[in-house]
Every structure is written in structure tokens, then in C-alpha cells.
Amino acid sequence: IEAADALTEAQEFQREAAYLTLAANIALAAVQEMSLRGQISTTTRIIGSQTSLLDVLRKQHQAGQIAEPDVAAQETALAQAKMLLPGLQKQLEAQRHSLSVLTGRFPSQGVNAQFQMGSIALPHTIPVSLPADLILQRPDVRVAQANMRQANAQIGVALANRLPQITLTGNLGNSAVAMSQLFSPHTGLWMLAGNVLQPIFSAGTLLNKQIAAEENFAQVEAQYRTVVLTAFQNVADSLR
């Protein structure tokens with residue numbers, strides 16, 4: 001029962017982790033869309049500035065103030081700027097498709113919102129540390145805890161299988177030689193019986209199963225330590 005409860009708890013935390021991962025992916029996709037829109041806007045302004053500069057250089061060349069290579073260099077710079085725009089627009093469309101899928105829509109349906117860089121703001125102050133209790137609330141840490149509980153319960157199961165199995169049975173009723181005397185005083189009877197089943201010779205199979213359960217617990221415990229250390233590393237990296 002303990003092992004089954006721990007497994008259920010672990011699956012609940014895995015579901016919670018899936019929701020958190022989905023929310024994080026949606027937020028990241030929105031931020032990437034903001035970045036792409038900002039790059040497209042900047043590139044468009046650069047193209048406009050380069051075009052205006054090219055017009056000025058052409059007029060100067062017609063007036064004999066500058067040489068032809070200066071105009072050609074600006075035409076090259078303008079062409080390079082224009083080359084960036086289709087790639088950014090393609091990435092933006094792919095990002096919009098990704099947002100549609102993450103929110104449960106077909107790419108053709110799209111999403112109603114459009115995300116711009118000006119719509120978000122960074123926090124004014126960022127904490128330099130976090131209490132360990134907050135880190136232990138992470139779903140991946142709690143899943144590892146539940147897995148350790150389940151593995152520990154399996155040790156108890158393996159140990160119990162090596163011990164004698166005791167069962168108790170009881171009966172309660174009435175007995176009389178005539179129907180009229182069935183429920184009269186002193187006709188009640190009860191019986192309590194016990195039964196003990198000793199495991200038969202198993203050539204060490206049950207012992208080895210217990211050892212395997214103990215070694216599995218050691219492995220799960222090591223995995224738990226790894227998850228916790230990784231969680232602290234992630235938080236430290238993010239805070240830095």
C-alpha cells in the first residue's frame with residue numbers, strides 16, 4: 001500500500017512538472033517572439049536608413065562629389081541588410097506556429113496575442129539567494145522523494161516475504177438440538193483458530209530479492225541526491 005501510494009504521488013508530481021514545463025515553454029516562446037519582432041523592427045529601420053543614405057550618395061555621385069565605388073559599397077550594405085529580413089520573418093512565423101501548438105491550436109489557427117518587447121519589464125530587484133525549502137518544492141525533487149519512498153517500501157515487502165505468514169480466523173454462532181432452543185441462553189458458540197505458514201526452502205531466492213530491493217533503494221537514493229544537487233545548481237545559475 002505504501003509503495004502504491006508513493007507511486008501515485010510520484011505520478012501526480014510528474015503531471016505537475018508537465019504543466020510547469022508547458023507554462024515555461026509558452027513563456028519562452030513569447031519572449032522569443034518579442035526578440036524576433038524587435039530584430040525585424042530594427043532591421044527594417046536599418047534598411048530605411050541605408051536606402052536614404054544610398055539616395056544621398058547617388059545624388060553626390062551625380063554631382064561629381066564622390067566616386068562610383070562609394071555608391072557600390074552602399075548598395076552592397078543595403079543588399080546585405082535586406083538579406084536578413086526574410087530569415088527573421090521566417091523565424092517569426094515558425095515561432096507563431098510553435099505558440100499555436102503549445103496552446104493546443106493548429107498552426108493555421110494561430111494565437112490572438114502578439115508579443116512586443118515593450119510589453120514586459122524586468123524586476124527591479126533580484127534575490128541573491130533562496131531558501132532551500134522553496135527548492136524542495138520543485139516537482140522533480142518531489143518525484144525523486146516519492147520514488148525513494150516506494151523503493152523503501154519494497155524492502156519491507158521483500159523482508160516480509162521471508163517471515164512466517166500468520167493468519168487468524170474466527171467463527172461465532174448458536175447451536176441447539178431443537179429449533180425452539182436455538183436462541184436460548186448457553187447455546188452460543190465461538191471458535192478462534194490460527195495458522196502459520198513458513199516459507200519453504202528457496203535456495204536463497206527470497207534473501208537475494210531482499211538484497212536486490214536494498215540495492216535498488218541505494219540507487220534511487222543516489223538519484224535523489226543528484227536531482228537535489230542539480231536543482232541547487234539550476235537555481236544558483238539562474239540567480240547569478
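## Overall organisation

The protein chain contains 5 helices and 2 strands. The model described here is a predicted one. Read from the N terminus, the order of the elements is α-α-α-α-β-β-α, with the two strands standing between the fourth helix and the last one.

The chain has 240 residues, of which 21% are buried. Among contacts with a separation of 6 or more, 72% join residues that lie 24 or more positions apart. The sections below turn to particular helix pairs and side chains.

## Helix α1 against helix α2

Helix α1 covers residues 2-62, and helix α2 covers residues 68-102. These two helices pack with their axes 8 Å apart, at an angle of about 160 degrees. Because angles over 145 degrees count as roughly antiparallel, α1 is roughly antiparallel to α2. The crossing of α1 past α2 is left-handed.

The contact between α1 and α2 is made by 21 nonpolar, 12 polar and 8 charged residues. One residue of α2 to examine is Gln95. Its relative accessibility is 13%, so Gln95 counts as buried. Leaving aside residues up to four places away in sequence, Gln95 touches Ala29, Gln32, Glu33 and Leu36. Glu33, one of these partners, lies in helix α1 and also takes part in salt bridges, as described next.

## A salt-bridge network around Glu33

Salt bridges in the model number 5. A network of them links Glu33, Arg37 and Arg96. Within this network, Arg37 pairs with Glu33, and the closest N and O atoms are 2.9 Å apart. Both residues belong to helix α1 and are 4 residues apart, so about one helical turn separates them.

Arg96 also forms a salt bridge with Glu33, with 3.0 Å between the closest N and O atoms. This pair connects distant parts of the chain, since Arg96 is in helix α2 and Glu33 is in helix α1, 63 residues apart. What is the relative accessible area of Glu33? The value is 0%, so Glu33 is buried. Arg37 is buried as well, and Arg96, at 12% relative accessibility, likewise counts as buried.

## Helix α1 against helix α4

Helix α1 also packs against helix α4, which spans residues 139-160. The angle between the two helices is about 165 degrees, and their axes are 8 Å apart. The two helices are therefore roughly antiparallel to each other. Here too the crossing is described as left-handed, with α1 passing α4.

On the α1 side, the residues in contact include Leu7, Ala10, Phe13, Ala17 and Leu20. On the α4 side, they include Pro139, Val143, Ala146 and Ala153. Glu2, Asp5, Glu9 and Glu16 are also among the α1 residues that meet α4, while Arg142 and Arg149 are among the α4 residues that meet α1. Sorted by type, the residues of this contact comprise 11 nonpolar, 4 polar and 6 charged.

## A salt bridge between α1 and α4

Which residue forms a salt bridge with Glu9? The partner is Arg149, and the N to O distance between the two side chains is 2.4 Å. Glu9 lies in helix α1 and Arg149 in helix α4, so the pair ties together parts of the chain that are 140 residues apart in sequence.

Are the two residues of this pair buried or partly exposed? Glu9 has a relative accessible area of 26% and is therefore partly exposed. Arg149 is also partly exposed, with a relative accessible area of 33%. In the network around Glu33, by contrast, Arg37 and Glu33 are buried.

## The loop after α4

Leu163 is placed in the loop between α4 and β1, a strand that covers residues 165-174. With a relative accessible area of 44%, Leu163 is partly exposed. The C-alpha atom of Leu163 is separated by 9.9 Å from that of Leu206, and the two residues are 43 residues apart along the chain.

Technical notes:
Residues are numbered from 1 along each chain as its sequence is written. This is a predicted model: local features need pLDDT of at least 70, side-chain atom pairs count only at pLDDT 80 or more; totals for chains, interfaces and linings use all residues. Side-chain values use heavy atoms; hydrogens and water are left out. Axes are lines fitted to C-alpha atoms, for helices over the stretch in contact, and angles run from 0 to 180 degrees between N-to-C directions. Angles under 35 degrees count as roughly parallel, over 145 as roughly antiparallel, 65 to 115 as roughly perpendicular and the rest as oblique. A crossing is left-handed if the near helix is turned anticlockwise from the far one by less than a right angle, and right-handed if clockwise. Contact means heavy atoms within 4.5 Å. Ala, Val, Leu, Ile, Met, Phe, Trp, Tyr, Cys and Pro count as nonpolar, Asp, Glu, Lys and Arg as charged, and the others, Gly among them, as polar. A salt bridge is a side-chain nitrogen of Lys or Arg within 4 Å of a carboxyl oxygen of Asp or Glu. Buried means under 20% relative accessible area, exposed over 50%, partly exposed in between (1.4 Å probe, protein chains only).
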